[in-house]
Amino acid sequence: MESRAYLILENGKVFEGKSFGAKKETTGELVFTTAMTGYLETLTDPSYFGQVVIQTFPLIGNYGVIPSDFESKQPALKAYIVRNWCQEPSNFRCEGVLDTFLKDTGVPGLCDIDTRSLTRIVREYGVMNCKLTYSLDNLEKDLQEIKAYRVKDAVKSVTCENSQTFQSERGKKKVVLMDFGAKENICRELVKRGCDVTVVPANTKKDEILALNPDGIMLSNGPGDPTENTEIIDEIKKLCECKIPTFGICLGHQLLALSQGATTEKLHYGHRGANQPAKDMGTGRIYITSQNHGYAVVNDSLPNNAKVSFVNGNDGTCEGVTYCDMPAFSVQFHPEACGGPQDTAFLFDRFISMME
């Protein structure tokens with residue numbers, strides 16, 4: 001039976017709701033996503049490490065749990081907040097219910113909460129810390145804990161422990177995918193296009209990668225502050241000197257830019273959802289994209305060997321970079337998006353062409 005639960009915000013505001021999923025207290029960084037579908041991809045996206053996720057769409061869980069749609073084996077988020085969760089899903093692919101999935105994976109949930117009001121607070125005041133709890137008896141102590149919370153060691157916490165190779169039936173090209181918290185669909189898109197993909201841990205050194213004799217290097221998405229990953233940035237800089245075709249997505253896009261001397265900044269509340277407009281600076285065309293990031297590359301900080309290729313249609317922040325002196329490009333959005341628009345899946349074809 002559902003029990004009463006509370007969400008305490010860093011600014012002292014308290015929301016009351018009902019508990020579902022795993023019952024445990026947790027502290028995290030409060031963010032929201034506007035996607036109307038794809039809640040399973042959201043729950044299993046490693047980029048949400050350390051965060052409490054608000055789902056702005058009011059009904060979640062209506063098509064149940066479908067393991068083949070997961071982006072990783074285990075959720076990385078701290079807690080999940082919804083307006084209503086469906087207890088009786090209906091879908092021919094359904095293999096379980098959301099409440100059971102959250103219990104099995106240790107993720108606490110909060111429902112029957114005014115997610116619209118909660119989201120407006122984050123939009124106005126920016127991303128803030130919060131705590132999910134079941135009592136308000138220690139409010140002052142809870143607020144101290146909330147204010148002290150920081151997302152740390154994000155990439156180290158979600159990267160794979162060992163290398164693993166996924167082979168295509170055609171096996172035209174060999175790609176090394178550096179796993180900073182990679183969504184599994186990145187690997188699927190490459191394999192589908194005839195690439196043998198070797199996924200390696202985030203701390204893999206340049207010489208180890210070169211020993212695999214790759215035709216291309218993929219820099220994956222991932223969580224946290226990109227500037228925290230100083231050793232990874234150094235290795236990417238060394239790899240860039242080898243002139244191997246390179247494609248960066250999301251965090252990979254930021255780390256590639258940092259390796260070339262650019263800077264990043266934390267956004268007010270980030271871009272998270274499946275309906276973010278990205279403008280192609282070459283053609284002026286607007287693509288609707290899936291995004292999940294709280295940091296962005298600073299447009300004016302890019303070095304002379306780089307140019308902005310995409311910008312966000314809402315706020316003009318950098319969402320793509322093309323490098324002029326090496327075969328490398330990157331985007332801030334997710335061209336492999338599922339569930340979400342696949343308008344920019346052609347970027348994988350561009351990467352294949354670059355290797356050929």
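This is a chat about the helix α4, the cavities, the pockets and the cysteines of a predicted model.

Me: What should I know about the model before I start?
Reply: The model is predicted, so local features need pLDDT of at least 70 and side-chain atom pairs count only at pLDDT 80 or more, while totals for chains, interfaces and linings use all residues. Residues are numbered from 1 along each chain as its sequence is written, and side-chain values use heavy atoms, with hydrogens and water left out.

Me: Which residues of α4 are buried?
Reply: In α4, residues 139–148, they are Asp142, Leu143 and Ile146. Buried means under 20% relative accessible area, exposed over 50%, and partly exposed in between, with a 1.4 Å probe and protein chains only. Helices (H or I, at least four residues) and strands (E, at least two) are DSSP runs, numbered from the N terminus.

Me: Why do they line one face?
Reply: Seen down the axis of α4, the buried residues fall within an arc of 100°, so they line one face of the helix. The arc is that of the directions from the helix axis to the C-beta atoms.

Me: And what is exposed on the other side?
Reply: Glu140, Lys141, Gln144 and Ala148.

Me: What covers the buried residues?
Reply: The cover includes β1 (4–9), β3 (26–33) and β9 (128–133).

Me: Glu29, then. Buried or exposed?
Reply: Glu29 lies in strand β3 and counts as buried, at 12% relative accessibility. Leaving aside neighbours within four places in sequence, its contacts (heavy atoms within 4.5 Å) include Gln51, Val127, Tyr149, Val151 and Lys266.

Me: Switching to empty space. How many cavities of 30 Å³ or more?
Reply: Three, from a search of the whole structure. The work is done on a 1 Å grid over the protein atoms alone: a cavity is a set of points where a 1.4 Å probe fits but cannot get out, a pocket is an open set with protein on both sides within 12 Å along at least five of seven lines, and lining residues have an atom within 4 Å of a point. Grid points are joined across faces, edges and corners, and a volume is the space filled by probe spheres set on the points.

Me: What lines the largest cavity?
Reply: That cavity holds about 150 Å³ of space and is lined by 17 residues, with Glu41, Thr42, Asp45, Lys183 and Ser290 nearest its centre. β16 gives the largest share of the lining, three residues.

Me: And the largest pocket?
Reply: About 580 Å³ of space lies in the largest pocket. Of its 24 lining residues, Ser72, Lys73, Cys160, Asp179 and Glu184 are closest to the centre. The most comes from α6, with four residues.

Me: Which residues are closest to the centre of the second largest pocket?
Reply: The second largest pocket has a volume of about 430 Å³. Of the 26 residues that line it, Glu29, Gln51, Val151, Lys266 and Tyr295 are the closest to its centre.

Me: Last topic. How many disulfides?
Reply: Zero in the whole structure, where a disulfide is a pair of cysteine sulfur atoms within 2.5 Å.

Me: Why is Cys187 not bonded?
Reply: Its closest cysteine sulfur, in Cys195, is 9.6 Å away, too far for a bond. Cys187 is buried, with a relative accessible area of 9%.

Me: And Cys318?
Reply: Cys318 is in no disulfide either, as the nearest cysteine sulfur, in Cys250, is 12 Å away. Cys318 counts as buried, at 0% relative accessibility.
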